[in-house]
Every structure is written in C-alpha cells, then in structure tokens.
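Here are a few short exercises to work through with the structure open beside you. Try each task first, then compare your route with the worked solution.

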Amino acid sequence: MNPALAVERSWRVTWPPVAQTGDGNAWVTGACWLYCRREGVRVLWVGSVRTPGATGDVYACGPCIAELDRMVREESYGRDPAGAAGTTTCEHRRLAKRGGKTHCRDCERQLYL
C-alpha cells in the first residue's frame, strides 16, 4: 500500500486491526485489568493509569482489547460528522444472562463485566 494514498482515504478505512495473541506484540500471561478481570490469561500492556495514590501498568486480554477498541471507534465516529449519519450507540441498559455470560438485550452484544 502506498503511504501517500492512505492520507487521501478516510481514517475509518485506515484504522489498524485490533491486537490479537500471536500478532508479534509482547503478550504475557497475567491478569486482565479491564472488563473480564480474569487471571492467568494472555494479556498485552495497553497503557498506564494514575490514581491519586499510585500509578500502574494496565494489561488487557484480547476480547477486552476488542471491546475497548469498539468503544473508542464508536466515540470517534460520533465526533466525525461524516461518520455520525445513520449510526447509533447502544447504552447496554437491559442485560441478560445466557450460558453464564452477560449480554445486552437490545443489541445482543456480549458484555465483559
């Protein structure tokens, strides 16, 4: 792909894919700090956090990184007037349990709580 052409296309088209285990990133085994809070899973450093009393490194598993990516993309689309037409964001207000997993009743997405 010609890098000069990427500038001419919409940022939505050139957004990189979500990180996944085995993609060459520095995945380690540990605890997911995001939505699922599982222990002993493959996680990737996604940034640092600062609270009034401490700072720390945040690690997340593949599914939680994908959910965070989805949320960031929806937020970014909302700021882009060209991307806002015809898009809606579900607020996941009505939850349901199916097979031990939490889902939104409205949009049917699995939620990692």
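## Exercises on helix and strands

To start with one residue of this predicted model: Glu 74 is partly exposed, with a relative accessible area of 28%.

**Exercise 1.** Find which residue meets the side chain of Glu 74 in a salt bridge, and work out how far apart the two lie in helix H3.

*Solution.*
- Step 1: The partner is Arg 70, and the N to O distance is 2.8 Å.
- Step 2: A salt bridge needs the nitrogen within 4 Å of the carboxyl oxygen, so this pair qualifies.
- Step 3: Along helix H3, Glu 74 and Arg 70 are four residues apart, about one turn of the helix.
- Step 4: Salt bridges with shared partners link Glu 67, Arg 70, Glu 74 and Arg 109 into one network.

**Exercise 2.** Follow the network to Glu 67 and decide whether Arg 70 and Glu 67 are buried or exposed.

*Solution.*
- Step 1: Arg 70 and Glu 67 form a salt bridge through their side chains, 2.7 Å from N to O.
- Step 2: Both residues belong to helix H3 (residues 62-79) and lie three residues apart, about one turn of the helix.
- Step 3: The relative accessible area of Arg 70 is 14%; buried means under 20%, so Arg 70 is buried.
- Step 4: Glu 67, at 6% relative accessibility, counts as buried too.

**Exercise 3.** Do the same for Asp 69: which residue is its salt-bridge partner, and is Asp 69 buried or exposed?

*Solution.*
- Step 1: The partner is Arg 73, with the closest N and O atoms 2.6 Å apart.
- Step 2: Asp 69 and Arg 73 are about one helical turn apart because four residues separate their positions in helix H3.
- Step 3: Asp 69 has 16% relative accessibility and counts as buried.
- Step 4: Arg 73 is buried as well, at 18%.
- Step 5: For context, a search of the whole structure gives five salt bridges.

**Exercise 4.** Now turn to the strands and trace how S2 pairs with S1 and with S3.

*Solution.*
- Step 1: S1 (residues 28-30) and S2 (residues 41-50) run antiparallel, joined by three bridges.
- Step 2: One residue pair to look for is Gly 30 with its bridge partner in S2, Val 41.
- Step 3: S2 also pairs with S3 (residues 55-61), again antiparallel, over seven bridges.
- Step 4: Here Arg 50 has Thr 55 of S3 as its bridge partner.
- Step 5: The link from S2 to S3 is a hairpin through four residues.

Technical notes. Residues are numbered from 1 along each chain as its sequence is written. This is a predicted model: local features need pLDDT of at least 70, side-chain atom pairs count only at pLDDT 80 or more; totals for chains, interfaces and linings use all residues. Side-chain values use heavy atoms; hydrogens and water are left out. Two strands pair if DSSP finds at least two bridges between them. Buried means under 20% relative accessible area, exposed over 50%, partly exposed in between (1.4 Å probe, protein chains only).
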